[in-house]
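User: Please look over the structure shown below. I would then like to ask some questions about it.

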Amino acid sequence: MKSLLKKILPRWLKDLILKTIKLPGLVLSPMFKSSQFLASFYYAFFSSQLSREHKAVLAGKAAYQQSLKDIGETSVLLRRNIHRLEKGLIMQPRRDVFAENFIGETVKIYQRAIKLNSLNPEEKKWVTDVLVEYFKVVRDTKTIAKARQAFNQVLNETKEEEKYIPYPFDSLPKTDIQYEALKKLFIKRRSVRWYQDKEVPSELIEKAVNLATLAPSACNRQPYSFYVSQNKEKAVQIAKCAGGTPGWAENIPCIIVIVGDLSAYPGERDRHLIYIDGSLAAMQLMLAFETLGLSTCSINWPDVEAAEQKLEKLLELKPYERPIMLLSVGFAQDKGGIPYSQKKDAQVLIKKV
Ligand SMILES: Cc1cc2nc3c(=O)[nH]c(=O)nc-3n(C[C@H](O)[C@H](O)[C@H](O)COP(=O)(O)O)c2cc1C
């Protein structure tokens with residue numbers, strides 16, 4: 001019915017109807033901006049624009065609680081707490097008692113994870129090695145002694161191989177990438193929208209993702225997934241869900257949807273981290289593709305209900321998963337055009353404080 005009306009109504013009438021629908025929001029929103037209460041009232045009764053995010057955040061909170069019981073191949077609580085333990089281990093000077101307020105819950109979840117035998121082996125090794133190191137150096141208090149005892153009950157020492165524990169800065173690899181080389185790579189990375197009709201090999205996608213995963217993330221939680229379609233038909237279908245691809249969607253050979261996972265957080269305050277962490281990983285992903293001879297273009301994912309519903313269905317997203325952005329990937333056409341896209345420089349961007 002909606003699409004039929006869209007087709008038969010004259011443009012001026014469609015514009016008028018749209019304006020009238022938007023009018024209450026336009027007129028009312030300035031009146032409600034003066035207090036948090038009124039703003040919440042506005043979004044409760046006059047606009048549903050934030051409702052999908054609200055629902056996803058609540059679904060995330062519930063899924064977080066569930067993840068403490070049904071531990072899968074990764075545990076967000078363990079990842080965060082082991083990261084906090086590592087910060088305690090490198091503290092200058094290191095305290096003889098630290099992490100007392102969260103070591104109990106950490107060991108409890110660790111015990112459960114070991115019982116379920118579900119953790120990814122690499123995550124399990126990191127978690128185990130750091131806990132072993134922590135109990136090696138920490139002084140016992142009543143709480144810590146109790147946690148130590150619980151830990152020892154399930155501990156299966158990892159083999160005498162490299163331990164996944166803090167190390168000194170000077171053992172990091174030296175790099176021969178200097179400013180000029182990095183600048184060249186950054187200049188070479190442009191948003192490319194015209195691709196050869198050539199499949200993107202899985203091997204290159206995996207290589208790029210293995211560099212993207214090295215990006216920083218808040219408390220090392222890495223609350224995102226990369227949904228990949230190398231099937232051109234499906235890639236185009238996915239790309240068309242976004243508003244920013246008219247005219248060039250049809251030539252996209254591969255699409256990656258970067259999806260944030262709100263089940264990484266017990267509360268609302270960290271809800272933006274999926275976008276921050278996801279975007280940092282996306283940037284590294286793009287640069288990694290460049291080094292592999294592939295080009296990319298970020299594609300905006302605005303919060304539009306109809307589009308979200310379509311994408312949710314295509315990717316079978318969970319209620320707490322939110323698309324962050326799409327990335328087209330492919331081998332560039334040699335003569336495909338690249339917008340100049342002038343960049344602001346340091347003089348414009350730096351505000352001395
Ligand atoms: C978050 C984000 C969303 C974007 N969305 C689109 C889009 O929907 N369609 C498009 O053609 N380009 C999109 N772009 C690409 C930008 O237009 C491009 O990055 C910008 O013009 C600068 O050009 P450059 O990437 O070549 O440096 C997006 C970029 C970002 C970072």
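User: Is N117 buried or exposed?
Analyst: A residue is buried if 20 or more other C-beta atoms, placed from the backbone, lie within 10 Å of its own, exposed if 12 or fewer, and partly exposed in between. N117 has 8 C-beta neighbours inside 10 Å, and therefore it counts as exposed.

User: What kind of model is this?
Analyst: Its residues are numbered from 1 along each chain as the sequence is written. Local features need pLDDT of at least 70, side-chain atom pairs count only at pLDDT 80 or more, and totals for chains, interfaces and linings use all residues; the model is predicted.

User: Where is N117 placed?
Analyst: Helices (H or I, at least four residues) and strands (E, at least two) are DSSP runs, numbered from the N terminus. N117 is not a glycine, yet it has a positive phi of about 50°. It belongs to the loop between α6 and α7 (121-137).

User: In which loop does A99 lie, and is A99 buried or exposed?
Analyst: A99 is a residue other than glycine with a positive phi, near 65°. It lies in the loop between α5 and α6. Because 20 other C-beta atoms are within 10 Å, A99 is buried.

User: Which peptide bond is cis, and what is its omega?
Analyst: One residue of this bond, P93, is found in the loop between α5 and α6 (103-116). The cis bond joins Q92 and P93, with omega of about -15°.

User: How is the protein divided, and how far apart are the C-alpha centres of domain 2 and domain 3?
Analyst: The bounds come from an automatic or database domain assignment. They give domain 1 (6-40), domain 2 (64-154) and domain 3 (179-330). The C-alpha centres of domain 2 and domain 3 are separated by 32 Å.

User: Which element supplies the largest share of the side of domain 2 that touches domain 3?
Analyst: Two residues are in contact if their C-beta atoms, placed from the backbone, lie within 7 Å. The contact involves six residues of domain 2 and seven residues of domain 3. On the domain 2 side, α4 (51-67) and α5 (76-89) each give at least two residues. The largest share, four residues, is from α5.

User: Which helix gives the most to the largest nonpolar core?
Analyst: A nonpolar core is a set of buried Ala, Val, Leu, Ile, Met, Phe, Trp, Tyr and Cys residues joined through C-beta atoms within 7 Å. This core has 64 residues, of which A239, I255, L285, L326 and L327 touch the most other members. It takes at least three residues from each of domain 2 and domain 3. The helix that gives the most, with seven residues, is α12 (273-291).

User: Why is β3 described as largely enclosed, and which residue is the bridge partner of S295?
Analyst: Four of the five residues of β3 are buried, so the rest of the structure largely encloses this strand. Two strands pair if DSSP finds at least two bridges between them. β3 pairs with β4 (321-330) in the antiparallel sense over five bridges. The partner of S295 in β4 is G330.

User: Which strand gives the largest share of the shell around the ligand?
Analyst: The surrounding residues are R190, S191, R193, A242, G244, C297, S298, I299, N300, M325 and S341, where near means a C-beta atom, placed from the backbone, within 6 Å. The largest share, three residues, comes from β3 (295-299).
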